[in-house]
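These entries record what I looked up in the structure shown below. I proceeded by topic and noted each finding as I reached it.

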Amino acid sequence: MTQDVEMKENQTPSQSVVTAATSTLQNLKEIASLIETGSYTKEVRRIARAVRLTMGLRRKFTGSVLSSFLDFALVPGSEAHSRLSSFVPKVDEHEMEVDTASSAAQAPSKHMSAELEIYCYLIVLLFLIDQKKYNEAKACSSASISRLKSINRRTIDVIASRLYFYYSLSYEMTGDLAEIRSALLALHHSATLRHDELGQETLLNLLLRNYLHYNLYDQAEKLRSKAPRFEAHSNQQFCRYLFYLGKIRTIQLEYTDAKESLLQAARKAPVAARGFRIQCNKWAVLVRLLLGEIPERSIFTQKGMEKALRPYFELTNAVRIGDLELFRTVQERFTETFAKDRTHNLIVRLRHNVIRTGLRNISISYSRISLEDVAKKLRLNSANPVADAESIVAKAIRDGAIDATIDHKNNWMVSKETGDIYSTNEPQMAFNSRIAFCLNMHNEAVRALRFPPNTHKEKESDEKRRERKQQEEELAKHMAEDDDDDF
Amino acid sequence: MAATMMVSSAGGLLAMLNEPHPSLKLHALSYLNSLVDQFWPEISTSVPIIESLYEDEEFDQHQRQLAALLVSKVFYYLGELNDSLSYALGAGSLFDVSEDSDYVHTLLAKAIDEYASLRSKAVESNEEVVIDPRLEAIVERMLDKCIADGKYQQAMGIAIECRRLDKLEEAITKSDNVHGTLSYCINVSHSFVNRREYRHEVLHLLVNVYQKLPSPDYLSICQCLMFLDEPQGVASILEKLLRSENKDDALLAFQIAFDLVENEHQAFLLNVRDRLPTPKTRPAEVVQAIENTAPQSETPSGDAQMTDGTPSVTHVQETDPAEATYSERLTKLKGILSGETSIQLTLQFLYNHNKSDLLILKTIKQSVEMRNSVCHSATIHANAIMHAGTTVDTFLRENLDWLSRATNWAKFSATAGLGVIHRGHLQQGRSLMAPYLPQGGAGGGGSPYSEGGALYALGLIHANHGEGIKQFLRDSLRSTNVEVIQHGACLGLGLAALGTADEDIYDDIKSVLYTDSAVAGEAAGISMGLLLAGTATEKASEMLAYAHETQHEKIIRGLALGIALTVYGREEGADTLIEQMTRDQDPILRYGGMYALALAYCGTANNKAIRQLLHFAVSDVSDDVRRTAVLALGFVLYSDPEQTPRIVSLLSESYNPHVRYGAALAVGISCAGTGLSEAISLLEPLTSDVVDFVRQGALIAMAMVMIQISEASDSRVGAFRRQLEKIILDKHEDTMSKMGAILASGILDAGGRNVTIRLLSKTKHDKITAVIGLAVFTQFWYWYPLIYFISLAFSPTAFIGLNYDLKVPKFEFMSNAKPSLFEYPKPTTVPTTNTAVKLPTAVLSTSAKAKARAKKEAELKANSEKAANTEKAGNESGSGKGKALTAEKDADSMQVDDSTATVEKKAEPEPSFEILVNPARVVPAQEKYMKFMEDSRYVPVKQAPSGFVLLKDLRPKEPEVLSLTDAPTSAASGAAGQGQHGTTASSAMAVDDEPQPPQPFEYTS
């Protein structure tokens, strides 16, 4: 589960490109003013936009930029300032120092908003994680969380949910996830009490991840089913939730539901979130195999996934043919990968399916076949292959995997004729479900459309239109990057 | 905790709960309790087991409580706060209220909510609701903690919410600033206590607390008592204050009286007055006699004495001096309480400060087509509104020919318009209207329309102060059987006897109603409503029965409105009646039901009422009902004007023009005089609506919102004025919107630009006359003469400071804002003689303006004495502003000087403040900038920025300089020994005070 959170390498600009640094600082200042207005007018969307913009900038952060920004945003000498500056290495760049001095001079008169303070925590945390200083990140995030607890403002929720995420991430990187579980539970509950749905969503996912990390599937399921429900707010968090849900259900043998959640998660995830989608696909393939379905080849040939899905492709092949021998070799060859993916236990469950698929092939090929031959074809090398074969066939018939009867007297398996499926209601039902799916999709899309209030009434001025256009473009551009950053 | 951190599942402990041995169970419970924060999802599956442990009688108390606590916590995490609370109560002492955790905080909040809802349910449904004593204990502990921590406001809030008046009292008395908390509490009880009876209980308590204080705040007490309708209490307080040795106490008593009068609760005021002892000295008899004989009195001099108070002099020598001052004060107080003092002063103020722009009217008159009678009478209406209360009828006088085009009902309106113009002219009202009044039995040749109109006009003049005129109106009503005259008389009688519930008058009107004549019946219905306003009597059902019986729509409508008026301000008390009306088959009665909702819940912003109205606004089948339902929202919400535009914004875009019209008026009513930006934005598109009557409504509403807002503070005011002009001048505009524009111009400049529409008094109480006036005004949809009811809602925006003798002394104070923000609008185009003087006059104080105005009037009347007097006042007033004064000293050179002043003004920047001189125009938006000067001779008794304020004289030895009145300073102090002579002299002077009654004029029809 760790590699899906791929941290993009941070190219620390070692050469002092002063212009780049100042422009970053300038951008940060703009973001800060955005947050100020957002907190002043209580408009959450402004703050969400600020956070989005930050994600675009984060690769350009350097120690000096951050420290001068902190001087700008926080009151020098305040508690938050001194604490945060201690995390940021001082770089002796003369140009920057000048800049710092000038910006610090303007700052003190300003009234500091809580939003801005929390935002400073966020960018320092981002910086530390990008620099792989996880222990400092842990300290920084813990400090930010304790500060957050004392603030109860809905405008902070967006920033706070990001902080929760990185808080958990920094602990995960150092392998101490268990430590923060109770803290997360407490945070989750206070988010529930404060109707901070975004935070609730994020924290629930983090908790699930936390439980799953230690294979505590049962507890995860209990928490999930007991936690209060609400409409999803963020697509990313909803994807994650579906993924965790799929995993839990897979473990608990609810394959059909699991398949649905996993496929939905894979479908909803943005294109850029490759790691996440690979994970989803791996699990989805396994679940489908467990259900007795054979995934299409196209799944394994998706762009950028061939290599990662290769072991699963081979596995699928083995199941498809129903060749136990091949299955065993594949299983042995990729043991390491499966162990790393923590899908090993599921693959063990697959053996049974291999047999069943083999059996189905046999039943299709032969209208009547002796159990002895069945055992041979399935390469059942046990003490009493015929008896084994008999029980396997009987179970398959009972499960509805094959349509056949056993002639116990002659030790035969007699397959029934397969009827013409088009004479039944089956195609209609399939068609109906697809139509329903499409209609549902359409309705949800319509419902998801949002209009700012009173737009039809105000005649917007040129300036406003320009601003809006620019915002929209930015939004579109950042959507992709944003999702990318998130996974 | 270190050990517990290691645990990764609570499964083991949960299993232990099933063990038979109690000590194992106890162990499991205590561990689970410490782990519950982390493992509640797991524990939640075993809640039934733990619950059974709690209920297990064999367990010892501690264990059971522990189990309860655990279950409570689990339920809390599951979001089941009700269950959580009940188990927490079961946990007894283990549930620690002082613990600082989310769990405890949440449950405490829940407990208080629960307790509050139980308590209010117990009271409202009148049935015994068992309240868990443990719950009560928790809430009480919280309250005590709040009080102990000094968080009195919280404590008061909780106590009010939970209906714990004992705790409320405790919180108030223990607080460090009792007066502050008390006024906070009054505010809270008005804005947040929704049930009327309960609010009364709270107020009772507050009055008690007030009275126990060493230095009671009598102003607030009396306001409360008025709410509680306890005239006896007020009367005794007033008496106590009057008896006091201290002059300041008397001033306070006067101030209280003025404040009470401002709330316009006629019946209550009369009650208070009657409960005050009658002065034992001779003047009392005089007053009494005058009161009784006033209706017949032909000489105005007698009336004037009432407010004068000086005639007490003869007896002063003989009786106890204390008794004498007392009776003198009492006479004054009675004058105030009868409303006559304030009406008289207001009239003087409006007359002297009249700034109406005749050119606007002239433009309207010229552009309106001769044959278009609707616009013609709209112009007459506009004129009346513009000059409401100013007694200036120049326009009518100058256009007698044009006026004579009004026939039939238009004539009725034209005559009634005089009543609006002379509103409050109590002394000479009757003599003014005499030429038009029906000549009892003499068979006068007057048209019934003008006679009816004159009776209506009398009602308007005496609205809510009809003591003197009631009898005459009754006689007129009885002596006629012409329905037009009956109509006028009914309306007039209703207005004059507003809210008095006088049985005899009621019977008279009822007999008119039972003649089943449509025209008279409609007026009778409304009149009954006016008479019984706010009484919620049984008679409403009688009226309702007749409404069902009659065939005439007009009568039904009149009665429907009348019934609605009876439940004014009754809130829940009116619910049955409202229910009855809104469920009726007849749309007209449902329409009345909407008004009933509006008036019963006026100014409460009650959610239930709003919900009901919104429901009717979208669901009723009748357009009339829907329109009224939306309109009614304006009444319910006027105490919270910011809300209205938001609530009706969707309705203002309805496909149904009636709903749009209603939305426009709702905004107009609730945001009247506020100039609220959102309200204007909402109305703007409606003023160019596709449907003509929506435009009409929007224009009127816009004028109501923008009344007295200057262009400097909102540029849209100027745009609106130009829009009105354009509509009026446009030949192709629809009659309806033209009429709207004409009325809007009238309302925009109402009362000589010195009044605003105010539904709340300065003490945030509903003004019954104003609310009822507006409610009836909205009926103009059906009946144009009802437009005049809007004049009831006008209240002068003036600061009038009074001294002990109830005279207006010269007193300066400061408005800490740019003068241009609140100045009068500039007159249109070439200044006429009437408006020339008040060009943006560089003159940096209104005193000079006022002076110039006063002088102008003086000239007009050619009253040399008065001119001399004002000159003198002006001289004294502005010694620092010599330039301006000298400029105006010479009336002939005025024009020239004025223009030079304007030139000079351009050079210098606008000052950031303005010195105002008593009495001055202070518009509502200006109130927050008002400052009293510290080194002033007078100190106001109450820190109020407008209205009537009594001033304490810090230098009583010095001679006083009076403005607005002719009375020489020596007479004011009531020097003894003048005897009879003094009496007549002063009363004559008081008469001179009044503007001369205009000569009656005749229609040349």
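**Entry 1: the three-stranded sheet**

I worked from a predicted model throughout. I began with an open sheet of three strands in chain B, whose order is β5-β4-β7 and whose pairing is antiparallel. I noted the edge strands as β5 (914-917) and β7 (930-932) of chain B, each of which pairs on one side only. On average, neighbouring strands of this sheet are turned by 35° against each other, direction ignored.

I then followed β4 of chain B, residues 812-815, to its partners. Three bridges join β4(B) to β7(B), and the two run antiparallel. On that side I found Met814(B) opposite Lys931(B) of β7(B). Towards β5(B) I counted four bridges from β4(B), again with an antiparallel course. There, Phe813(B) has Leu916(B) in β5(B) as its bridge partner.

Are the residues on the two faces of β5(B) buried or exposed? I found Glu914(B) and Leu916(B) on one side, Ile915(B) and Val917(B) on the other, and all of them are buried. Both faces of β5(B) are thus recorded as covered.

**Entry 2: the four-stranded sheet**

I turned next to an open sheet of four strands in chain B, ordered β6-β3-β9-β8, with mixed pairing. Its edge strands are β6 (920-921) and β8 (938-940) of chain B, each pairing on one side only. I looked up how β3, residues 798-802 of chain B, meets β6(B): two bridges join them, and they run antiparallel. Ala798(B) stands opposite Arg921(B) of β6(B).

Which strands does helix α15 of chain B lie across? I noted that α15(B), residues 247-262, lies across β3 and β9 (947-953) of chain B, and that its direction is at about 175° to β9(B). Helix α21 of chain B, residues 340-352, lies across β3, β6 and β9 of chain B. I recorded its angle to β3(B) as about 125°.

**Entry 3: a helix pair in chain A**

In chain A I looked up the packing of helix α8 (residues 157-173) against helix α10 (residues 197-213). Their axes are 8 Å apart, and the angle is about 10°. Angles under 35 degrees count as roughly parallel, and α8(A) and α10(A) are therefore roughly parallel to each other. I recorded the crossing of α8(A) past α10(A) as right-handed.

I also listed the residues that make this contact. From α8(A) they include Val158(A), Tyr164(A) and Phe165(A). From α10(A) they include Leu198(A), Leu203(A), Leu206(A) and Arg209(A).

**Entry 4: cysteines**

How many disulfides does a search of the whole structure find? I obtained zero over all chains. Cys222(B), for instance, is in no disulfide, and the nearest cysteine sulfur, that of Cys224(B), is 9.2 Å away. A disulfide would need the two sulfur atoms within 2.5 Å.

I checked burial for two cysteines. Cys222(B) has 0% relative accessibility and so counts as buried. Cys146(B) is buried as well, at a relative accessible area of 10%.

**Entry 5: chain B as a whole**

I closed with totals for chain B. Its secondary structure comes to 53 helices and nine strands. Of its 1005 residues, 60% count as buried. I also looked up contacts in chain B between residues at least 6 apart in sequence, and 74% of them join residues at least 24 apart.

Note on methods:
Residues are numbered from 1 along each chain as its sequence is written. Chains are lettered from A and ligands numbered from 1 in the order in which they are written. This is a predicted model: local features need pLDDT of at least 70, side-chain atom pairs count only at pLDDT 80 or more; totals for chains, interfaces and linings use all residues. Side-chain values use heavy atoms; hydrogens and water are left out. Buried means under 20% relative accessible area, exposed over 50%, partly exposed in between (1.4 Å probe, protein chains only). Two strands pair if DSSP finds at least two bridges between them. Axes are lines fitted to C-alpha atoms, for helices over the stretch in contact, and angles run from 0 to 180 degrees between N-to-C directions. Contact means heavy atoms within 4.5 Å. Angles under 35 degrees count as roughly parallel, over 145 as roughly antiparallel, 65 to 115 as roughly perpendicular and the rest as oblique. A crossing is left-handed if the near helix is turned anticlockwise from the far one by less than a right angle, and right-handed if clockwise.
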